[in-house]
Amino acid sequence: SFHRTSIARDGEALKLISISTWRFAVMLWVVALRITISVILLVAGGFWLSNTSELEDLLLNCAALAFILQVDEIIYKSLTPEIVKGIVKRLQPLPLQKENVIRNFNCWPVLVLLLCSSYVVWMSIE
């Protein structure tokens with residue numbers, strides 16, 4: 001069914017009630033695009049940095065990669081109208097689902113550590 005995007009006031013803050021199907025589809029497309037770009041940058045940047053032998057070049061390449069990762073924020077800050085920035089700033093955070101915890105142990109940090117360690121080992125082998 002078709003939903004309209006609706007926002008309610010909660011004092012000074014704004015609360016997102018529902019989002020239209022069209023906006024949700026565009027949001028999913030943007031998220032998929034950002035994930036794809038992030039993975040490409042992770043792999044290409046890892047190879048690029050692992051093939052740098054001089055410390056001076058390594059620091060310069062790290063700074064260049066950090067700049068590339070921040071381009072979307074620079075574009076948002078420079079091209080988004082102030083009224084939209086104000087609305088986004090006033091929006092309350094969306095509630096998150098409760099994390100899965102097994103016997104008071106959260107598995108996500110361990111999984112992230114294993115993935116990062118595997119990536120570093122993979123980059124050092126290549």
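Let's start with two helices. The axes of helix 1 and helix 2 come within 10 Å and cross at roughly 170°. Angles over 145 degrees count as roughly antiparallel. Helix 1 and helix 2 are therefore roughly antiparallel to each other. Their crossing is right-handed. One word of caution before I go on: this is a predicted model.

Who makes this contact? From helix 1, we have Leu41, Gly45, Trp48 and Leu49. From helix 2, we have Leu58, Asn61, Cys62, Ala64, Leu65, Ile68 and Leu69. Sort them by class. Nine are nonpolar, two are polar and none is charged.

Next, helix 1 again, with another partner. Helix 1 covers residues 21-50, and helix 5 covers residues 108-125. What angle do they pack at? About 50°, with their axes 10 Å apart. That angle falls outside the parallel, antiparallel and perpendicular ranges, so helix 1 and helix 5 are oblique to each other. Helix 1 passes helix 5 in a right-handed crossing.

Look at the residues here. Helix 1 brings Leu42, Val43, Gly46, Phe47 and Ser50. Helix 5 brings Tyr119, Trp122 and Met123. The split is six nonpolar, two polar and no charged.

Third pair: helix 2, residues 55-69, and helix 3, residues 71-79. Their axes come within 4 Å. They cross at roughly 45°. That makes helix 2 oblique to helix 3. Phe67, Ile68 and Leu69 in helix 2 meet Val71, Asp72 and Ile74 in helix 3. Is this contact charged or uncharged? By class, there are five nonpolar residues, no polar ones and one charged. Asp counts as charged, and Asp72 is in this contact.

Now the cysteines. How many disulfides are there? The count comes to zero. Take cysteine 62. Cysteine 62 is in no disulfide, and the nearest cysteine sulfur, that of cysteine 116, is 15 Å away. A disulfide needs the two sulfur atoms within 2.5 Å. Cysteine 107 is in no disulfide either. For cysteine 107, the nearest cysteine sulfur is again that of cysteine 116, at 16 Å.

Are these two cysteines buried or exposed? Cysteine 62 is partly exposed, with a relative accessible area of 35%. Cysteine 107 is partly exposed too, at 32%. Remember that Cys62 also sits in the contact of helix 1 with helix 2.

Two single residues to finish. The first is leucine 14. You will find leucine 14 in strand 2, residues 13-18. Its relative accessibility is 8%. Buried means under 20%, so leucine 14 counts as buried.

What does leucine 14 touch? Leave out residues up to four places away in sequence. Then leucine 14 touches Ile7, Ala8, Arg9, Ile87, Arg90, Leu91 and Gln92. Now try lysine 89. Leucine 14 and lysine 89 are 75 residues apart along the chain. Their C-alpha atoms are separated by 9.0 Å.

The other residue is threonine 36, which lies in helix 1. Threonine 36 counts as partly exposed, at 44% relative accessibility. How far is threonine 36 from glycine 11 in space? They are 38 Å apart, C-alpha to C-alpha. In sequence, threonine 36 and glycine 11 are 25 residues apart. Put the two pairs side by side: 75 residues and 9.0 Å for leucine 14 with lysine 89, 25 residues and 38 Å for threonine 36 with glycine 11.

That's my tour. Thank you.

Technical notes:
Residues numbered from 1 in each chain as written. Predicted model: local features only at pLDDT ≥ 70, side-chain atom pairs only at ≥ 80, totals over all residues. Heavy atoms only, no water. Axes fitted to C-alpha atoms, helices over the stretch in contact; angles between N-to-C directions. Parallel < 35°, antiparallel > 145°, perpendicular 65-115°, else oblique. Left-handed = near helix turned anticlockwise from the far one by under 90°. Contact = heavy atoms within 4.5 Å. Buried < 20%, exposed > 50% of the residue type's maximum accessible area, 1.4 Å probe, protein only.
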